[in-house]
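I opened this notebook page to record what I looked up in the structure, entry by entry. The questions I put to the model stand beside what I found.

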Amino acid sequence: MRRKPAVWHEAAAAFREVLSDPGRTARFAGMPALVMMALYVILALTYPRPANPALEDAWENEVLPLYLIPTFFNAWFFIRMQVWWARWVLLADDGVAFLSPSLGRRELAYFVWSLAAAVTTLPVLVFLLPLLSLIQSALVALGMEMPTAVMNGLAVLAALPPVLIMAGIYGRLMVGVVPLAVGGVASFRQGWVATRGVSLRLTALSLLTVLPSLITLIFSRLTDPVEIAASYAVSVGLYGVAWGAYAVMVARFYGLTLGRTRRSAPVVAPS
């Protein structure tokens, strides 16, 4: 009996698919990624983050509405990557131009189903809030005063299990959304049933493939406008790699668990 490939080998295979042809990756990212990057850079240079922490609240109140515009292109960028990488994995179709809007009924349906999948995971947070409250109450009862960094670390540790559960649920549901990219019908039930028995593997792969996007968190405390503008350009590239690898991984799960893989190139089975 053939051994299952290691999880990190599957994640590495997804990254290799994305990085093997930078031109294809750029075409799949396309115009939304370019516009998103330009808008973020303009905002960073026009409304620089104040160096004085006391002024941050006023700054956030002023710029937050403006950031809704690039957020729209951010979502468009994400959906476009999911759709076209799924089409490449399942149909060997990469026939989209960089400047093509690629925003039709298929992409809008994919966005609605993706949003519904995300909303479905939110009840898991019900378990997180009492856990954080319990930790805080325990520290107060013990008379312990923790530094802010330590408290933040404890909050991250407490949030980790719910986040892992949410990632697993979202990934399993999204396997059932992949058919939209190739002209099929989405079904959360189909995705859930197809990934039964491989949910832990899918969760691990979900986290590994999106790791590049988490690197962008280190840019959140930059204050120099030029550095912030440069960080946005780097972030677009990291998002493209992460979202592309995630899309490849989910499409392979769909293709192999439901027997819909149509490319002649071999892919590694998730289980």
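Before the first lookup I fixed one term: I count a polar contact when a pair of N or O atoms lies within 3.5 Å and, within protein, one of them can donate a hydrogen and the other accept it. I also note at the outset that this is a predicted model.

**Entry 1, Ser102**

With that cut-off in hand, I looked at Ser102 and found that its side chain and the side chain of Glu107 are joined by a polar contact of 3.2 Å. I then asked which other side chain Ser102 makes a polar contact with. The partner is the side chain of Trp84, at 2.8 Å. Ser102 sits in the loop between α3 and α4, and I count Ser102 as buried because its relative accessibility is 11%, under the 20% limit. When I left aside neighbours within four places in sequence, the contacts of Ser102 were Trp76, Arg80, Trp84, Val96 and Glu107.

**Entry 2, Glu107 and Arg106**

Since Glu107 had come up, I followed its side chain further and found a salt bridge with the side chain of Arg106, at 3.2 Å from N to O. Are the two partners buried or exposed, I wondered, or somewhere in between? Glu107 is buried, at 4% relative accessibility, whereas Arg106 is partly exposed, with a relative accessible area of 27%.

**Entry 3, the other salt bridges**

How many salt bridges does a search of the whole structure find? The search returned eight. I keep in mind that side chains of opposite charge can pair when their charged atoms come close.

I looked next at Arg201 and Glu10, whose side chains meet in a salt bridge at 2.6 Å, N to O. Arg201 belongs to helix α8 and Glu10 to helix α1, so this pair ties together parts that are 191 residues apart in sequence. I checked the burial of both, and Arg201 and Glu10 are each buried.

Arg49 and Glu56 form a further salt bridge, in which the closest N and O atoms are 3.6 Å apart. Here too I found burial on either side, with Arg49 at 17% relative accessibility and Glu56 at 12%. I also noted a network of salt bridges that links Asp21, Arg24, Arg27 and Asp94.

**Entry 4, the chain as a whole**

I stepped back to the overall make-up and found 10 helices and zero strands in the protein chain. Of its 271 residues, 42% count as buried. Among contacts between residues at least 6 apart in sequence, 78% join residues at least 24 apart. The chain exposes about 14,400 Å², and carbon and sulfur atoms supply 70% of that area.

**Entry 5, the nonpolar core**

Which residues have the most contacts inside the largest nonpolar core? I found Phe77, Trp85, Tyr110 and Met174 in that role, in a core of 60 residues. The elements that give two or more residues to this core are α1 (7-19), α2 (22-46), α3 (56-91), α4, α6 (148-175), α8 (199-209) and α10 (225-257), and α3 gives the most, with 16 residues. I took Phe77 as an example and, leaving aside neighbours within four places in sequence, listed its contacts as Ala29, Pro32, Ala33, Met36, Val236, Tyr239, Gly240 and Trp243.

**Entry 6, Phe188**

Phe188 lies in helix α7, which spans residues 188-194. I looked up its distance to Ala117 and found 8.1 Å from C-alpha to C-alpha, although the two are 71 residues apart in sequence. Beyond neighbours within four places in sequence, Phe188 is in contact with Trp113, Ala116, Ala117, Thr120, Leu173 and Val177.

**Entry 7, a nonpolar patch on the surface**

My last lookup was a nonpolar patch on the surface, formed by Phe111, Val112, Leu115, Val119, Leu122 and Leu125, which together have about 500 Å² of accessible area. Which helix gives the most to the patch? Helix α4 (residues 105-121) does, with four residues. Leu115 lies in that helix, α4, and I recorded Leu115 as partly exposed because its relative accessible area is 46%.

Methods. Residues are numbered from 1 along each chain as its sequence is written. This is a predicted model: local features need pLDDT of at least 70, side-chain atom pairs count only at pLDDT 80 or more; totals for chains, interfaces and linings use all residues. Side-chain values use heavy atoms; hydrogens and water are left out. Patches are made of residues with over 30% relative accessible area and no salt bridge: like charges are joined within 9 Å, nonpolar side chains (Val, Leu, Ile, Met, Phe, Trp, Tyr) within 5 Å. Accessible areas come from the Shrake-Rupley method with a 1.4 Å probe; for residues, only the protein chains shown count as cover. A salt bridge is a side-chain nitrogen of Lys or Arg within 4 Å of a carboxyl oxygen of Asp or Glu. Buried means under 20% relative accessible area, exposed over 50%, partly exposed in between (1.4 Å probe, protein chains only). A nonpolar core is a set of buried Ala, Val, Leu, Ile, Met, Phe, Trp, Tyr and Cys residues joined through side-chain atoms within 4.5 Å. Contact means heavy atoms within 4.5 Å.
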